[in-house]
Structures are given as structure tokens and as C-alpha cells.
Amino acid sequence: MKTVGFFDLTGSTQIKLDKGHTLGRKAALLHNLICRKIVTKHKGSVVKEFGDGVLVDFDDPVFACLAAIEIKNAIHNTEKIFTKAGLTIGVLEEIEISGARDILGATVDRCARIQSAAISGQILIDSALHDVVYSFLKD
């Protein structure tokens, strides 16, 4: 079982429209850089980046939740940009295409749906992940 997370820069299109393409691109790159650093720090892996978003996975669900909280806070405190996130736990299908690792399956699909329902600055998790990490996060 793995924990999967999607992190998405909130309002990246509006940032480009309000502040210009260069600053919008800078915000997306900064968002993804912060995600990569914190995910790695918490023993997770970046599976792939989507311009202004990142797909990650973790072996430890508690580390995944702690990383999500740290990412949310770090991104908001830097340049006042925001991320939204979805996290799920479940079984994944891991594949390799042209030397690049990818993940597939219902867990990834559920994670994408959860993340799409999040509002700016919000981290949503599914009930299965909640049940696994609840008592650990109370500490």
C-alpha cells in the first residue's frame, strides 16, 4: 500500500493574467520545487510534474500527511501563493515507460478527484487514509 498525493498551484492561470507569463511560470516552478524538496525530506517520491502540479507517493502515510502540511505552509509563506492537495491510500500499479516511473490505478484516480474538490490552501484526504493516520497525527 502506498499513499498518493496531488499538489496543485491554485490560480496559476490567473497569476499569469494578473502578473504576466514570466511571474506565472516562476510561481509554478517555485511551487514544484518546494513540493520536491519537502516530499524528499519526508521520504516520498515525486512521480511526475504537470506544469503547476506534482504527483507524489509515499510508503509511510504519516510522512505523507506531514509533508502535505509542510508544503501548504511553505508555499503560502513564499510569495503568498497557494496550493491545494488531495491524498489517498491504496494499491498502485507501477509501470516504467522509456525509463520513467509512473503510477496508475483507482487510488491515483481517487486522489485526483479528491484534489479537484479542494479549495485554495486546503488538504483533503480520503476516509481510508484518515483511519490509518488519525491517532498518529493526534501526537
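A residue is counted as buried when its relative accessible area is under 20%, and in this predicted model T3 falls into that class because its relative accessibility is 0%. T3 lies in strand β1, and, leaving aside residues up to four places away in sequence, T3 touches V56, D57, F58, D60, P61, A64, T88, I89 and L129.

Two of the residues touched by T3, P61 and A64, are also among the buried residues of helix α3, a set that further comprises V62, C65, A67, A68, I71 and I75. Helix α3 covers residues 61-77, and its 17 residues reach 25 Å from the first C-alpha to the last, which is close to the 24 Å expected at 1.5 Å a residue. In general, an α-helix has 3.6 residues a turn, so residues three or four places apart point the same way. The buried residues of α3 pack against several elements, namely the strands β1 (2-9), β3 (53-58), β4 (83-90) and β7 (123-125), together with the helices α2 and α5 (127-138). At the start of α3, the backbone nitrogen of V62 has a side-chain oxygen of D60 within 2.8 Å, and D60 is itself one of the residues that T3 touches. Beyond the helix, α3 is followed by E79, for which phi is positive, near 65°.

A second helix arrangement involves α1 (residues 12-19) and α2, whose axes come within 7 Å and cross at roughly 145°, with α1 passing α2 in a right-handed crossing. The contact is made by I15, K16 and K19 in α1, which meet H21, L23, G24, R25 and A27 in α2. The residues of this contact between α1 and α2 divide into 3 nonpolar, 2 polar and 3 charged.

Backbone geometry was also examined in the loops. Most residues other than glycine have a negative phi. Against this background, K43, which is found in the loop between α2 (21-41) and β2 (44-49), has a positive phi, near 65°, although K43 is not glycine. K43 counts as exposed because its relative accessibility is 63%, a value over the 50% that defines that class. A positive phi in a residue other than glycine is likewise found at S98, where the angle is near 50°. S98 belongs to the loop between β5 (93-97) and β6 (100-104), and, at 77% relative accessibility, S98 therefore counts as exposed.

How values were computed: Residues are numbered from 1 along each chain as its sequence is written. This is a predicted model: local features need pLDDT of at least 70, side-chain atom pairs count only at pLDDT 80 or more; totals for chains, interfaces and linings use all residues. Side-chain values use heavy atoms; hydrogens and water are left out. Helices (H or I, at least four residues) and strands (E, at least two) are DSSP runs, numbered from the N terminus. Buried means under 20% relative accessible area, exposed over 50%, partly exposed in between (1.4 Å probe, protein chains only). The expected span of a helix is 1.5 Å times one less than its number of residues. Contact means heavy atoms within 4.5 Å. A polar contact is a pair of N or O atoms within 3.5 Å; within protein, one must be able to donate a hydrogen and the other to accept it, and residues adjacent in sequence count only if both atoms are side-chain atoms. Axes are lines fitted to C-alpha atoms, for helices over the stretch in contact, and angles run from 0 to 180 degrees between N-to-C directions. A crossing is left-handed if the near helix is turned anticlockwise from the far one by less than a right angle, and right-handed if clockwise. Ala, Val, Leu, Ile, Met, Phe, Trp, Tyr, Cys and Pro count as nonpolar, Asp, Glu, Lys and Arg as charged, and the others, Gly among them, as polar.
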